[in-house]
Amino acid sequence: MKNLRHSKFDLNSNERSFPSIPTDAESFKKVLLAVDKDRTSFGVQAYFRDRTPAAFSTNPMLWQALRNWLSSRISSIGGIAVSPWEWGLTGSATIGFSASPNKFGIPFGEHSDIDLFVVNGELFNAIFEEAKKFSIAADNQSRYLAARDTLAGQLRRGFLIDTKHIPSVDAYRISSIVHNEISIIVDKLNIEGYRVKRSHVRAYRDWAALATQLKLNLSQLREGLAASQNKA
């Protein structure tokens with residue numbers, strides 16, 4: 001049996017080669033009929049419920065397989081029910097290029113990260129409590145100073161936590177599970193031919209929290225681009 005890190009996602013040959021969102025009835029019919037009956041939900045997600053991120057535009061079913069795999073693993077190992085549709089992407093993987101003011105326009109590619117977010121109240125609460133525990137832990141204060149500073153600000157805001165700032169040790173069980181499963185995702189993507197550097201997860205309390213942060217990000221980007229244009 002292959003190691004999880006060195007095996008592809010569970011897709012048949014037809015699903016693996018699915019095109020981007022069909023623009024005509026005949027193409028859509030072809031796609032729909034090629035989907036295995038027990039994976040119809042993948043098609044619903046890929047073509048109806050939410051649009052496929054740019055990083056997976058040529059293979060929308062792979063994105064759905066990734067979300068399904070990740071949800072299944074964290075639900076079974078962590079004991080917290082997470083739905084595939086609660087996962088999303090931010091950054092260059094979503095729109096195809098970086099939207100960071102200092103990297104604006106750099107295309108998504110092998111040098112890029114896969115920045116995931118998850119919106120699940122129970123998972124967020126578990127990670128939030130581990131972040132609080134880590135922020136006051138007495139061990140390795142100097143080693144984790146920058147991480148603790150960042151988490152302190154996120155804890156004050158109260159609606160998002162970047163799991164990458166929490167160490168993968170037994171004391172922070174849920175965060176460690178997330179770290180491990182995300183690292184497996186990167187290996188599996190590489191096996192699929194999607195070369196990425198690494199992946200991180202930001203947990204949100206609810207969808208309103210996500211909307212608030214995305215609006216802030218776009219506002220900051222707009223201000224940065226406007227300032228750059230004025231200088232030119």
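This text walks through the fold, the aromatic contacts, two buried residues and the largest pocket of a predicted model.

Start with the fold. The protein chain contains nine helices and four strands. Along the sequence, the elements run α-α-α-α-β-α-β-α-α-β-α-β-α. The chain therefore opens with four helices before a strand appears, as the pattern and the run-based assignment of elements show. A helix also ends the pattern.

Next, the packing. The protein chain has 232 residues, and 44% of them count as buried. Take the contacts in the chain with a separation of 6 or more: 66% of these join residues 24 or more positions apart. The chain exposes about 12,600 Å². Carbon and sulfur atoms supply 54% of that area.

Now look at the rings. The structure holds eight aromatic pairs. One of them joins F134 and Y144 in an edge-to-face arrangement. Their ring centres are 5.4 Å apart, and the planes meet at 80°. F134 belongs to helix α6, which spans residues 121–136. Y144 lies in the loop between α6 and α7, and α7 covers 145–157. The two residues are 10 apart, and the pair links distant parts of the chain. Both F134 and Y144 are buried.

F134 has a further partner. The charged end of R148 sits over the ring of F134, 4.3 Å from the ring centre. A second charge-over-ring arrangement involves K188 and F9. Here the charged end of K188 is 5.0 Å from the centre of the F9 ring. Elsewhere, ring pairs link F56, W63 and Y194 into a cluster.

Two members of that cluster, F56 and Y194, lead to a leucine: both touch L189. Find L189 in helix α8, residues 173–191. Is L189 buried or exposed? L189 counts as buried because its relative accessibility is 1%, and the cut-off for buried is under 20%. Setting aside residues up to four places away in sequence, L189 touches F9, F56, L62, L66, I114, Y194 and V196. F9 is also the residue whose ring lies under the charged end of K188. L66 comes from far along the chain: L189 and L66 are 123 residues apart. Their C-alpha atoms are separated by 8.7 Å.

S98 offers another buried site. S98 is found in the loop between α5 and β2. S98 counts as buried because its relative accessibility is 11%. Which residues does S98 contact, leaving aside neighbours within four places in sequence? They are S92, K103, F104, G105 and I106. S98 and S112 are 14 residues apart in sequence, and their C-alpha atoms lie 9.1 Å apart in space.

S92, a contact of S98, brings us to the largest pocket. This pocket has a volume of about 1,400 Å³. Its lining comprises 47 residues, and the closest to its centre are T90, G91, S92, D115 and N217. Which elements each supply at least two residues of the lining? They are the helices α4 (60–78), α5 (92–95) and α9 (207–231), together with the strands β1 (87–90), β2 (114–119) and β4 (199–204). Helix α9 gives the most, with eight residues.

How values were computed: Residues are numbered from 1 along each chain as its sequence is written. This is a predicted model: local features need pLDDT of at least 70, side-chain atom pairs count only at pLDDT 80 or more; totals for chains, interfaces and linings use all residues. Side-chain values use heavy atoms; hydrogens and water are left out. Buried means under 20% relative accessible area, exposed over 50%, partly exposed in between (1.4 Å probe, protein chains only). Contact means heavy atoms within 4.5 Å. Accessible areas come from the Shrake-Rupley method with a 1.4 Å probe; for residues, only the protein chains shown count as cover. Rings of Phe, Tyr and Trp (its six-membered ring) pair if their centres lie within 6.5 Å; planes under 30 degrees apart count as stacked, over 60 as edge-to-face and the rest as tilted. A charge sits over a ring if NZ of Lys or CZ of Arg is within 6 Å of the ring centre and within 35 degrees of the ring normal. On a 1 Å grid over the protein atoms alone, a cavity is a set of points where a 1.4 Å probe fits but cannot get out, and a pocket is an open set with protein on both sides within 12 Å along at least five of seven lines; lining residues have an atom within 4 Å of a point. Grid points are joined across faces, edges and corners, and a volume is the space filled by probe spheres set on the points.
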